[in-house]
Each structure stands twice: as structure tokens, then as C-alpha cells.
Amino acid sequence: QVQLVESGGGLVQPGGSLRLSCTTSVRTFISNNMGWFRQAPGKEREFVAALNWVGGAADYADSVKGRFTISRDMTKNTMYLEMNRLKLEDTAVYYCAAAGWGRISNAWNYWGQGTQVTVSS
């Protein structure tokens, strides 16, 4: 069974930074694309960023490009989302996803439990 565990969410002021982490098993991590989605209250889950496991190519939503960076640490089986210059509209529950590709949530097979990110002054 694939298990994805997110951490790192919290409350931050506009313009601030946070780093989210997603840890999984070695087998899942080394053989699957991984990504981040987010869901704000009353809205659909939306794509944030994804990392291709072959070569490590990254894809970003236009709304976060230049502010967020997706990366991975192969020694820790962990994927990260470094979020800088956070805006009020970045407030959402952030979900780690594995075994999929693309910007549609149902194209991904496995999900973490989510971690809350709140941007507020």
C-alpha cells in the first residue's frame, strides 16, 4: 500500500515562505512521478507542481511559477515544495500525489492526507 505523508504546513504572513515535505517508501519514490495539488474552501482541487521521476523535469501551474520550487531528496525518499512570496490566494490544503502525470487530479493514483497552508496578515 502506498503511503504519502505531508508535513510543513502552517500560518504565514503574505510575502513569507514555507517548505512542505512529502515522504513515502523507497519503492514509491524512486519509480513514480510525484506532484502537489491544493484545494481551497469551496473550490476544486488544483494542480500546483509535478516532478517527473525520469530526469527530474518539473511542471508548474502558472499561478506559482517563479515563486514555488518542487524538488526531491533521493536519500530521504522525500519530495519538497518550497513556497516563497506567498499570497493570500495560496491559502489551501496542500496534497502530495504520486503515480500520475498532468494537471488533472484524477490522473494521479495516490494521495496524502493534506497539510493546511494559511496565508494571512
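Here's a quick briefing on the salt bridges in this structure. Keep in mind that the model is predicted. A search of the whole structure turns up five salt bridges, and the bullets below walk through some of them. The spot to look at is D90, which pairs with R38 and also with R67.

**R38 and D90**
- R38 and D90 meet through their side chains in a salt bridge, at 2.9 Å from N to O.
- This one links distant parts of the chain: R38 sits in strand β4 (residues 34-39), while D90 is in the loop between β8 (78-83) and β9 (92-100), 52 residues apart.
- R38 is buried, because its relative accessible area is 5%, under the 20% cut-off.
- D90 is buried too, with a relative accessibility of 0%.

**R67 and D90**
- D90 also forms a salt bridge with the side chain of R67, at 2.7 Å from N to O.
- R67 lies in the loop between β6 (58-60) and β7 (68-73) and D90 in the loop between β8 and β9, so the pair ties together parts that are 23 residues apart in sequence.
- R67 counts as buried, at 6% relative accessibility.

**The network**
- Salt bridges with shared partners join R38, E46, R67 and D90 into one network.

**D62 and K65**
- D62 and K65 make a salt bridge as well, and their closest N and O atoms are 3.5 Å apart.
- Is D62 buried or exposed? D62 counts as exposed, because its relative accessibility is 62%, over the 50% cut-off.

Methods: Residues are numbered from 1 along each chain as its sequence is written. This is a predicted model: local features need pLDDT of at least 70, side-chain atom pairs count only at pLDDT 80 or more; totals for chains, interfaces and linings use all residues. Side-chain values use heavy atoms; hydrogens and water are left out. A salt bridge is a side-chain nitrogen of Lys or Arg within 4 Å of a carboxyl oxygen of Asp or Glu. Helices (H or I, at least four residues) and strands (E, at least two) are DSSP runs, numbered from the N terminus. Buried means under 20% relative accessible area, exposed over 50%, partly exposed in between (1.4 Å probe, protein chains only).
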